[in-house]
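Please prepare a briefing on the structure shown below, covering the domains, the surroundings of the ligand, one helix and one loop residue.

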Amino acid sequence: MYVDLGNALDAEPRLTREALERLDERVADAHDRIERGRAEAAHGYASLNLPETVDPAAVRRAVDRFDDPAAVLSVGIGGSALGAATLAEALGTDLDAYVLDNVDPARVAGLLETLPLSDTVVHVVSRSGTTAETLSNFLIVREAMADAGVDWTERTLVTTGPSGNLRNLADRHDLPVLDVPAGVPGRFSVLSTVALPVAALAGHDVEAIVDGARAEADRLAGSLFESPAYAYGATCHALERRGAGVNAMMPYAESLESFAEWFAQLWAESLGKDAVGQTPARALGATDQHSQLQLYRAGPRDKLVTLVRPRERPDVAIPETDLDGLAYLGGGSLADLLDAEFRATEASLAASNCPNVRIEVDRVDERGVGELLYGMEAACIMYGELAGVETFTQPAVEWGKRAARGLLGGGDVDAEDAVPEKRRLVID
Ligand SMILES: O=P(O)(O)OC[C@H]1O[C@](O)(CO)[C@@H](O)[C@@H]1O
C-alpha cells in the first residue's frame, strides 16, 4: 500500500508538514501502546495480529466439504457481512456471491426465488449469535431450503462466538463451525474466519490475502513517515482536529465499491465517540465526479477526500471514432480514461484547496486487498489512539437494538414503553 500525503498539506482545513512532524511524537507513543496491546492480544489490538493468528488451512478445510457450489450466500450484518461482501466484489468469483445483511422482505423474498438452493453454501456469521437481523434471515433461508427439499445442514457453515443462539443451533445440528477470532471486533475481522471462507469458496488464494496484510503489518513503525497506515490514520485525525469532519472514501475501481462501505463501518463505529469522529462518505470514481464532486470542491471546507486506485488494472480499448469532439478518446482505453480522471479529480480537489490523500495498491488482487484492508484497520487504530477514544467498542448502537426488541415484545420493557412518544409535525 502506498500513501501520498502531498495534497493533504496546506489546504483548507490547513495541515502543515511541521504540524505532522510535531504529531509524529505522539504517533511514536501510540505505536508503543499498540504494540503492547498486540503483545498482550488485548481486545481490539488483537486485530492487528490476525496475519499471524488466522489459520488459512482451517478456513480451507471448513469449505472443502462443499463440492463446487454454484453460489455462496453470506448471512450476517455489519462487520459480519461487509468483509465478505468486500472480498467477493474485490476479487470477483466464479461463484454467484450474495450477501443478506438487511431485513428488507422484498430483497429477501426476491433473492430466495433466484438462489439455486440445492447448490448454495450458506455462511452464517454472528459473533454474538444473537443479532436479530442475522438470525431472522438465517431461519428464513433454512426454511426455504427445507421447503425445497434441500438438507440445509449439508449446505451451512457457521462462524460464531463461543456461546449464544447460533453456537447452540450449530451444536444441535452438528453443523461445521469456525470460531470468530478472540479479541477482534466485527469491523476488524475481515482477515479472519468471518470473511475468508467466502474467498476460499471462490477458490482465491487466502494465503496471499494474509501475506498482503502481513506486509502492511511489517510496515508499522514508531513514525508516520515510515508507515503508510499510520501516515493515513494520523493525517485523517489531524485534519479532523482542524475541521475536516468528513472523509469521502472514493475508490477509482468498481471492485472496491463495497470496500468503501466496509471502510464506513470501520471508521464510523470505531471513531464516532465522545462527540468527535470523522464521518465517512461513500463515493466512487469516476461516477461521483458527476455527483458529489461539486460539494467536495465548492461546499463547506469540512472535508478530506481519500482517492484509492490500483496502479495496474485490466483494460478495455475504446474504438476509433469520428464523433465530433470525441476523436481524442478513440484508440485509447478505459483504463487511460479512468486514470486521467483520477489525476484530474485529484488536481481539481487540490485546486479548490480540498485536502486529499492518494492511496494506491499494485493491483486489486489478493495481496493488494490484504494490504488495503489491514492498512485501513491499522490507520483506524492509530487515529483512535491519537483521538483518545475507545476504538473497539460501539455502545451507542445498543439503544436502538433494545428499543426494537421492546417494540417486538422481546425486550425487558413493555412494547408501549419501548420508544418515547414521537414528536409529530405531519405534512400530508
Ligand atoms: O457479529 P454480530 O454479533 O452479529 O454483530 C454484527 C454487527 O453488529 C454490531 O455489533 C453493531 O450492532 C457490529 O459491531 C457488528 O459488526
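The points that follow are grouped by topic.

This is a predicted model, in which local features need pLDDT of at least 70 and side-chain atom pairs count only at pLDDT 80 or more, whereas totals for chains, interfaces and linings use all residues. Residues are numbered from 1 along each chain as its sequence is written.

**Domains and their contact**

- The chain is assigned domain 1 (2-36 + 210-387) and domain 2 (55-180), with bounds that come from an automatic or database domain assignment.
- The centres of domain 1 and domain 2, taken over C-alpha atoms, are separated by 32 Å.
- Each side brings 12 residues to the contact, 12 from domain 1 and 12 from domain 2, where two residues are in contact if their C-beta atoms, placed from the backbone, lie within 7 Å.
- On the side of domain 1 that touches domain 2, helix 11 (257-271) and helix 14 (366-387) each supply at least two residues; helices (H or I, at least four residues) and strands (E, at least two) are DSSP runs, numbered from the N terminus.
- Helix 11 gives the largest share of that side of domain 1, namely six residues.
- By class, the side of domain 1 that touches domain 2 holds six nonpolar, three polar and three charged residues, with Ala, Val, Leu, Ile, Met, Phe, Trp, Tyr, Cys and Pro counted as nonpolar, Asp, Glu, Lys and Arg as charged, and the others, Gly among them, as polar.

**Around the ligand**

- There are 14 residues around the ligand, of which G78, G79, S128, T131 and G186 come nearest; a residue is near a molecule if its C-beta atom, placed from the backbone, lies within 6 Å of it.
- The shell around the ligand is made up of two nonpolar, nine polar and three charged residues.

**Helix 13**

- F342, T345, E346 and L349 of helix 13 are buried (20 or more other C-beta atoms, placed from the backbone, within 10 Å of the residue's own; exposed means 12 or fewer).
- Seen down the axis of helix 13, its buried residues fall within an arc of 100 degrees, so they line one face of the helix; the arc is that of the directions from the helix axis to the C-beta atoms.
- On the other side of helix 13, A340, A344, A347 and A351 are exposed.
- The cover over the buried residues of helix 13 includes helix 12 (293-298), strand 9 (303-310) and strand 10 (356-361).
- N353, just after helix 13, takes a positive phi of about 65 degrees.

**Loop residue G149**

- G149 is found in the loop between helix 6 (132-147) and strand 5 (156-160), and G149 is exposed, with 8 other C-beta atoms within 10 Å.
- Although 32 residues apart in sequence, G149 and L117 are 9.3 Å apart in space, C-alpha to C-alpha.
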